[in-house]
Amino acid sequence: MIQRIFTLSLITIKESINKKVIYLSIFFALIIILVSRIFTSITPGAEIAFMTDIGLVTISFFGGMIALFLASDFIPDEIRKRTIYTVLTYPVRRFEFILGKFLGISGVVLLSHSLMSLIFLAVLSLSGGAIKGDLMIALALIYGTLLIFSSIVIMGSTFLSPLINIVFSLFFYLLGHLVTYIRHLGERMEGAFIKFFLIFFSYIVPDLERFEVKDKLVVGSALPIGITGSCFLYAMVYIVCVMMLTYVAFNEREV
Amino acid sequence: MSIIKTENLTKVYKDFWGRPKTRALSELNLEIHKGEIFGLLGPNGSGKTTALKLMLGLIFPTTGKVSVMGKPPRDISLKSKIGFMPEESYLYRFLNASETLCFYGQLLGLKGKELNNRVDRVLNIVGLDRVRTQPLREYSKGMSRRMGLAQVLLKEPELCVLDEPTIGLDPIGAGEIKDIIQQLKKEGTTVLFSTHLLSEAEPLCDRIGILYEGRLITMGALTDLLEVKDEVEVKVREKLEEFYIRTIKNRDTSHFSK
């Protein structure tokens with residue numbers, strides 16, 4: 001089973017290498033990170049904070065773009081090109097297929113995220129910024145959000161068309177940054193149904209706010225102890241749940 | 001012994017709202033025996049590919065039942081015993097022949113020397129060993145079909161399901177595929193293939209079934225079906241093509257008379 005999942009993730013990585021979206025995203029991220037160094041003059045005295053802010057947002061945005069465009073198309077592409085016919089007539093369980101795809105996409109996202117992070121850290125270092133442990137944690141947490149995002153996109157790709165899936169996934173991603181607001185809104189509501197719905201919904205969407213440490217980092221506040229562990233534990237549990245739902249949807253799908 | 005058995009197998013494709021759209025297959029009752037070559041014949045759109053996909057567990061029956069080697073078609077233990085060559089060779093075009101077969105071999109659980117030996121052997125059989133490092137996107141249609149067959153042979157299957165195996169091939173390529181099918185039969189492999197090319201079914205098949213508008217309109221041993229008695233009780237051997245056209249036309253006439 002492990003060999004099959006590994007083989008499927010490897011083929012996903014190999015296939016991704018041919019996708020232009022990765023190179024375009026990394027190229028634009030590089031441009032923005034480099035350009036941010038020029039515009040530090042608009043924030044005198046806070047040049048490094050400005051670059052850190054722009055750098056983290058850029059990595060998060062383009063990492064998200066890579067995850068979105070890769071994950072939204074992989075399973076539909078296998079069905080469209082009918083390569084899935086042959087794969088599923090081999091001793092491959094459908095959950096192995098999904099897991100292989102997810103791990104492959106996670107690998108590609110990790111590679112591109114690492115590359116963008118290295119560029120960012122190099123530019124920051126050359127500009128006199130210190131590479132602190134908290135910065136590395138922030139980068140790791142961005143990868144955590146990208147993993148959650150990828151799993152949601154993969155789930156959508158098993159029953160939605162690519163375009164609708166992109167809209168659906170972005171909607172979930174945005175709501176994931178508004179979890180506290182949705183929960184507070186639900187608590188203030190008077191109607192029992194809407195109250196229940198909003199609070200329940202706030203637990204369904206991924207709590208991406210807990211991964212958001214950029215603001216603390218920029219103003220120089222210390223990050224809470226154990227944040228990396230708790231966030232990755234949350235990410236793992238959330239991803240397992242999403243993958244289980246993906247399996248349920250994909251298992252009943254005709255190809 | 002039946003390798004494949006279908007009982008009243010019916011498939012109705014539905015639209016987005018779950019309403020019946022197309023009745024692709026109606027109450028198919030079929031048994032395919034161990035070691036035979038069975039040809040599923042029929043014009044385009046007659047339900048051949050649907051029947052094969054149901055037997056492979058790629059789609060699910062609306063009603064009825066299908067069993068392969070006594071098990072439901074999605075049973076994972078069957079998958080390494082069944083080789084499937086789709087209508088077109090749907091393979092990863094960015095890989096070359098060796099990489100493709102290694103990929104499928106790894107899905108079978110093969111590794112190391114065993115995998116390499118089997119890949120070499122299969123590439124030799126299909127005659128692609130000299131172009132093994134060329135990406136599949138540069139292959140001609142004939143080479144792609146042979147590659148599709150190579151991934152079937154890699155499994156050393158007990159049952160081969162071939163969907164229009166010689167379509168689009170030149171006579172030499174088609175002849176080579178037919179030779180491989182006959183060799184499979186000699187080795188005891190059961191072969192089920194669909195085709196609308198009658199010339200390829202006639203020399204190969206032990207039995208045929210003719211599908212028309214989703215219904216199996218006739219089935220039997222080729223020798224029995226092609227023997228018709230004339231008025232003076234002299235057996236005249238009919239060509240498959242004549243038999244096929246007559247059978248379909250009779251069906252059409254009875255259909256219109258209703």
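**Salt-bridge network in chain A**

I began with the charged side chains of chain A in this predicted model, and I found A:Asp73, A:Asp77, A:Arg80 and A:Lys81 linked in a network of salt bridges. Within this group I looked up the pair A:Lys81 and A:Asp77, whose side chains meet in a salt bridge at 3.2 Å, N to O. I then asked how each partner of that pair is placed with respect to solvent. A:Asp77 has 6% relative accessibility and so counts as buried, the limit being under 20%. A:Lys81, in contrast, stands at 47% relative accessibility, and therefore I entered A:Lys81 as partly exposed. For the whole model I noted a count of 17 salt bridges over all chains by the rule used here.

**The salt bridge between the chains**

Next I asked how many salt bridges the rule finds across the interface of chain A and chain B. The count there is 1, and I traced this to the side chains of A:Glu254 and B:Lys11, with 2.5 Å from N to O. I located B:Lys11 in strand β1 of chain B and A:Glu254 in the segment after α11 (227-251) of chain A, so the pair joins two chains. I also checked the accessibility of both partners, and B:Lys11 counts as buried because its relative accessibility is 5%, while A:Glu254, at 28% relative accessibility, counts as partly exposed.

**The wider interface**

I then widened the view to the contact as a whole, which takes 27 residues from chain A and 31 residues from chain B. Chain A and chain B bury about 2800 Å² between them, and 62% of this area is on carbon and sulfur atoms. On the side of chain A, I noted that A:Thr89, A:Tyr90 and A:Glu254 supply 25% of the area that chain A buries against chain B, more than any other three residues. A:Glu254 therefore appears twice in my notes, as one of these three residues and as the partly exposed partner of B:Lys11 in the salt bridge.

For polar contacts between chain A and chain B, I recorded 13 residue pairs, with both residues at pLDDT 80 or more. I next looked up which elements give two or more residues to the side of chain A that touches chain B, and these are α1 (2-16) and α4 (83-88) of chain A. α1(A) gives the most, with 7 residues. Sorted by class, this side of chain A has 9 nonpolar, 7 polar and 11 charged residues.

**The hairpin of chain B**

Since B:Lys11 lies in strand β1 of chain B, I followed that strand further. Strand β1 (residues 2-14) of chain B pairs with strand β2 (residues 20-33) of chain B in the antiparallel sense, over 9 bridges. As one point of register I noted B:Ile4, which stands opposite B:Ile32 in β2(B). The hairpin of β1(B) and β2(B) has 5 residues between the strands, and B:Gly18 takes a positive phi there, near 85 degrees.

**Helix α1 of chain B and its salt bridge**

I turned to helix α1 of chain B, which is mostly covered, with 8 of its 9 residues buried. Among the buried residues I listed B:Lys48, B:Leu52, B:Lys53 and B:Met55. The helix is followed by B:Gly57, whose phi is positive, near 75 degrees.

B:Lys48 called for a closer look, and I asked with which residue B:Lys48 forms a salt bridge. The partner is B:Glu164, and the closest N and O atoms are 3.8 Å apart. This pair links distant parts of the chain, 116 residues apart, with B:Glu164 in the loop between β6 (159-163) and α5 (171-186) of chain B and B:Lys48 in helix α1 (residues 48-56). I checked whether these two charged residues are buried or exposed. B:Glu164 is at 4% relative accessibility and so counts as buried, and B:Lys48, at 5%, counts as buried too.

**A:Ser230**

My last entry concerns A:Ser230, which I found in helix α11 of chain A. A polar atom of the side chain of A:Ser230 lies 3.1 Å from the backbone oxygen of A:Ile227. I entered A:Ser230 as partly exposed because its relative accessibility is 37%. From A:Ser230 to A:Phe28 I noted 202 residues in sequence and 32 Å in space, C-alpha to C-alpha.

Conventions
Residues numbered from 1 in each chain as written. Chains lettered and ligands numbered in written order. Predicted model: local features only at pLDDT ≥ 70, side-chain atom pairs only at ≥ 80, totals over all residues. Heavy atoms only, no water. Contact = heavy atoms within 4.5 Å. Buried area = accessible area lost by both parts, 1.4 Å probe. Salt bridge = Lys/Arg side-chain N within 4 Å of Asp/Glu carboxyl O. Polar contact = N/O pair within 3.5 Å; in protein donor to acceptor, adjacent residues only side chain to side chain. Helix = DSSP H or I, 4+ residues; strand = E, 2+ residues; numbered from the N terminus. Nonpolar A, V, L, I, M, F, W, Y, C, P; charged D, E, K, R; others polar. Pairing = 2+ DSSP bridges. Buried < 20%, exposed > 50% of the residue type's maximum accessible area, 1.4 Å probe, protein only.
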